[in-house]
Amino acid sequence: MFVDAMKSSLRDIRARVKINNIIYDDETLVSINADLGSMAGEEYAIGSAITNAATIVFSEIIETVVALDRVTIEIGVVRGNLSPELRKMLNTKIGTARVGGTRLNSWNPDSDIEYVPLGEFYISDHVDIDYNEKKTTIVCKDQMIFLENDYNSQLKYPADIRDVVTEIANQAGVEIDYKYIGNLSATKIEEPKGYTHRQALGLIAQIEAGFVTFSRTGKLQIRTLQDSDYNISMDEYYSKGLVKKGIRYRVGGITCTVNKDEETLTLKVGRDTGPQINLENDVMTQEILNDVYEKLADVDFYPYALEWRGNPSLEAGDLFTIQDASGSPLKVPNLGYKLVYNGGLKATSEAETKSRTDVKPSGRPTLQQQINKTLSKIKEESSSLKNAFEEANEKITGNRGGYLTARYDENGKPYEFLVMDTEDINSATNVIRLNQEGIGFSQNGYNGPFGVAITIDGHIVADFIDTGILNAGMIQAGFNGIAQGVSMTPNGLKAVAASGEYSVVEEGGMRFFTKTGSRTGAIESGYVVSEGSNGVAVFVEPGKSFSISRKNESTGIYETFLRIPFNEDVIEIPRILNMKHQEIRYVKNIWMQGTSTSPGGRVFDNNGILALGGYNSTSLGWLDTNGGITTVLQLLYRELRAFGTLNMNGNVITNQSDIRLKDKVVDAVVDPFSVIEKMRFINFEWDATNPYNEKKPTGEQFGMEAQYAPFLAVKDQGSNYLSIDMGKQVNINSMALQKMLQTIDELKAENADMNRRLSALEKLVADNSAAAGGDV
């Protein structure tokens, strides 16, 4: 099996990479460096959302790949020959057998190489092509790169963390691994404000004492450490072997900083001694923090680093067993995992968590997120424009009184004018200061701070600006050079995402661009020349995709109803197409359950002829009363399978045998009796545990064993099982009957000759008897 082949000292490692449906194997791959993590670093960083990355070098120039192309990486090993018993066991373990985080979903008994996927990645930057060395290098990262936009929730709070994760996944456009997300606790939290999708998921991972990651198939997971039941022997260590770092690690206590309503709270749980974990989490409560501490009670390991031969079936976040220098077993977490493939495979596993108290807090918001949080609070607290005008009008015209004071320098010249609510500068609260640098408004006395200021160079600084009509050459909000924002100019409206991608609304429609300024598509007004009418058109640039989706209220997931893939000239409709009793005309071909390059079946060919079948299979059956389908006939590649009685209804089964259709004709040289004598006829029942027998009849059967009829045996290319060629069996039976008839004719001739000779002998005896007087 895979693990045994990986542990073998004579293992033969293979790799393959798939980009844009093109597979690059060992003939093209120079190296793969994969850097995978869970909670790696100097602290036991619960809530980590580490970006898994890989650098791939190819031995040829590849000019067909660009940034954000999807990349799948697989590492495999040449396995040994499998016994029939092991093959049968593997057939029964599909979907249940596991190694580490890898489940056996399928296996190919005809292939000598078994592969394990490392994950789904996307080219994250430019492609580096070395034309002199004829090499191409790409750097790709997992879908964590799609989680950097701000999270703006539409849920009602307090909300279940599973609903929060689902909403984040929908907003970010990533798929959820429901096995892990569905097993999260039902903890309810307040709304996470001022965080990106990635950081909000990190807050939830802190609550679960786990980490955020993407599965091998690209699905979002929030995981905790899990035991892989895998042992690494010292024979698998490289020269540096195992290095134990520091003393035993066990969590002593947790401190969490919570910023709420402009107040900073500090929550604590556990001991003040021993390793400490410091968190920043604005949705944390003392009750939740107590639960987190309980979940970490079993965390107990020695920090280490291990260079070894590696196994791609293990994942970052798995627990496995190693041996120290004395041979004693140690259960350790695979917090950081690096795999290097260059024809062979080398791995580095580590957990360099330090047993100290000066760890750094995780989950800290960026400067822009803190600004956004402040702006959000300002927005929530600001009054409406009408109320602001009425209040300002009352304050200015309400004759509330005041004191005007001029201040002079040592030369007797005025340098500042003050308008105050008291006559004494030391006791005044509301103060307006006017000098040659500008004017400032304070509600905190003469020395401020000044909530509103207008400087001489034209800047207006204010917590609130309420206006009716604002005339400006350009209005810009939310920009600080790195984050998202909106700008309004006389030509239109521009909105920029945190990733740098932006949209422009201007005369004629809305256009969408990448961060480098290349257009991805547009929604514009259009004119159909052939119809002479105006309308609305959606345009998608080459290499870009388009989809129409609708949110599922029960799952919260946006489900695609129509999609144009980025690399195919097709329209995908992954839902039922209801034509409301209308016609579909001018169809050339209809392919079923497949793609244009690997179709599953075809309804009409170019001549409009019904032609079921394709590269996969087509089944015919009947619908039972329970809504299930019972297969009666299955069309495979050059094969027809029946799952019931074949009634020809008085007709015949034929096969072409015209001599005019044949070439190189010679008499067959085969002994039919020898073929028939080898046959073994048996009573038996089909093995119900073998999936291949799923639709075969039950009860006692009569037949022969194909292994005892090699002349008639045919190997099924799909399953590798043997069948009987019934056409050859009929012919060999006919040939045997023909030879039996020839033998009968020969025996008849011999019998007639014997009769003639016997008659002559009887006559001779009779004649001799007569001559002898009746005595012989």
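**Figure 1. Tyr 44 and Tyr 249 are both tucked away as buried residues.** This is a predicted model, and the close-up starts with two tyrosine rings. Tyr 44 and Tyr 249 form an aromatic pair, with 5.9 Å from centre to centre and 35° between the planes, so the pair is called tilted because that angle falls between the 30 degrees below which planes count as stacked and the 60 above which they count as edge-to-face. The two partners come from distant parts of the chain, 205 residues apart. Tyr 44 sits in the loop between β3 (29-37) and β4 (53-58), while Tyr 249 sits in the loop between β17 (237-244) and β18. There's a third ring to look for here: ring pairs link Tyr 44, Tyr 249 and Phe 301 into a cluster. Across the whole structure, a search turns up 10 aromatic pairs.

**Figure 2. Three strands line up as an open sheet in the order β19-β18-β20.** The pairing in this sheet is mixed. Which strands stand at the edges? They are β19 (263-270) and β20 (276-280), and each has a single partner strand, so one side of each is left without a neighbour in the sheet. Neighbouring strands here are turned by 15° against each other on average, if you ignore direction. Now zoom in on β18, which covers residues 253-260: β18 and β19 pair in the antiparallel sense over eight bridges. To find one spot on that seam, look for Cys 256, whose bridge partner in β19 is Leu 267. Then look for helix α6 (residues 286-295), which lies across β18 and β19. Helix α6 runs at about 35° to β19.

**Figure 3. Cys 140 and Cys 256 are a couple of buried cysteines.** How accessible is Cys 140? Its relative accessibility is 0%, so Cys 140 counts as buried, the cut-off being under 20%. Cys 256, which you met in the strand pairing above, also comes out at 0% relative accessibility and so counts as buried too. In case you're wondering about sulfur links: a disulfide is a covalent bond between the sulfur atoms of two cysteines. How many disulfides does the structure hold? Zero.

**Figure 4. A second open sheet of three strands runs in the order β12-β15-β14.** Its pairing is mixed. The edge strands are β12 (175-176) and β14 (211-214), and each of them pairs on one side only. Strand β15 (residues 219-223) pairs with β14 in the antiparallel sense, over four bridges. One of the partnerships to pick out joins Phe 214 to Leu 220 in β15. Between β14 and β15 there is a loop, and Ser 215 lies in it. Is Ser 215 buried or exposed? With 8% relative accessibility, Ser 215 counts as buried, because the limit is under 20%. Setting aside its neighbours within four places in sequence, Ser 215 is in contact with Gly 119, Asp 177 and Gln 221.

**Figure 5. Two peptide bonds leading into prolines are cis.** The bond from Tyr 157 to Pro 158 is cis, with omega near 0°. You'll find Pro 158 in the loop between β10 (135-141) and β11 (159-160). The bond from Gly 448 to Pro 449 is cis as well, with omega near 10°. Pro 449 has its place in the loop between β29 (438-442) and β30 (450-455).

**Figure 6. His 581 and Lys 664 have positive phi angles although they are not glycines.** For His 581, phi is about 65°. His 581 is found in the loop between β40 (558-564) and β41 (618-623). With 85% relative accessibility, His 581 counts as exposed, because the bar is over 50%. Lys 664 has a phi of about 55°, and its place is in the loop between β43 (639-642) and α9 (672-678). At 76% relative accessibility, Lys 664 counts as exposed.

**Figure 7. Zooming back out, the chain comes to 10 helices and 47 strands.** How much of the chain is buried? Of its 776 residues, 32% count as buried. The chain exposes about 48400 Å², and carbon and sulfur atoms supply 51% of that area. Take the contacts between residues at least 6 apart in sequence: 52% of them join residues at least 24 apart.

How values were computed. Residues are numbered from 1 along each chain as its sequence is written. This is a predicted model: local features need pLDDT of at least 70, side-chain atom pairs count only at pLDDT 80 or more; totals for chains, interfaces and linings use all residues. Side-chain values use heavy atoms; hydrogens and water are left out. A disulfide is a pair of cysteine sulfur atoms within 2.5 Å. Buried means under 20% relative accessible area, exposed over 50%, partly exposed in between (1.4 Å probe, protein chains only). Two strands pair if DSSP finds at least two bridges between them. Helices (H or I, at least four residues) and strands (E, at least two) are DSSP runs, numbered from the N terminus. Axes are lines fitted to C-alpha atoms, for helices over the stretch in contact, and angles run from 0 to 180 degrees between N-to-C directions. Contact means heavy atoms within 4.5 Å. Accessible areas come from the Shrake-Rupley method with a 1.4 Å probe; for residues, only the protein chains shown count as cover. Rings of Phe, Tyr and Trp (its six-membered ring) pair if their centres lie within 6.5 Å; planes under 30 degrees apart count as stacked, over 60 as edge-to-face and the rest as tilted.
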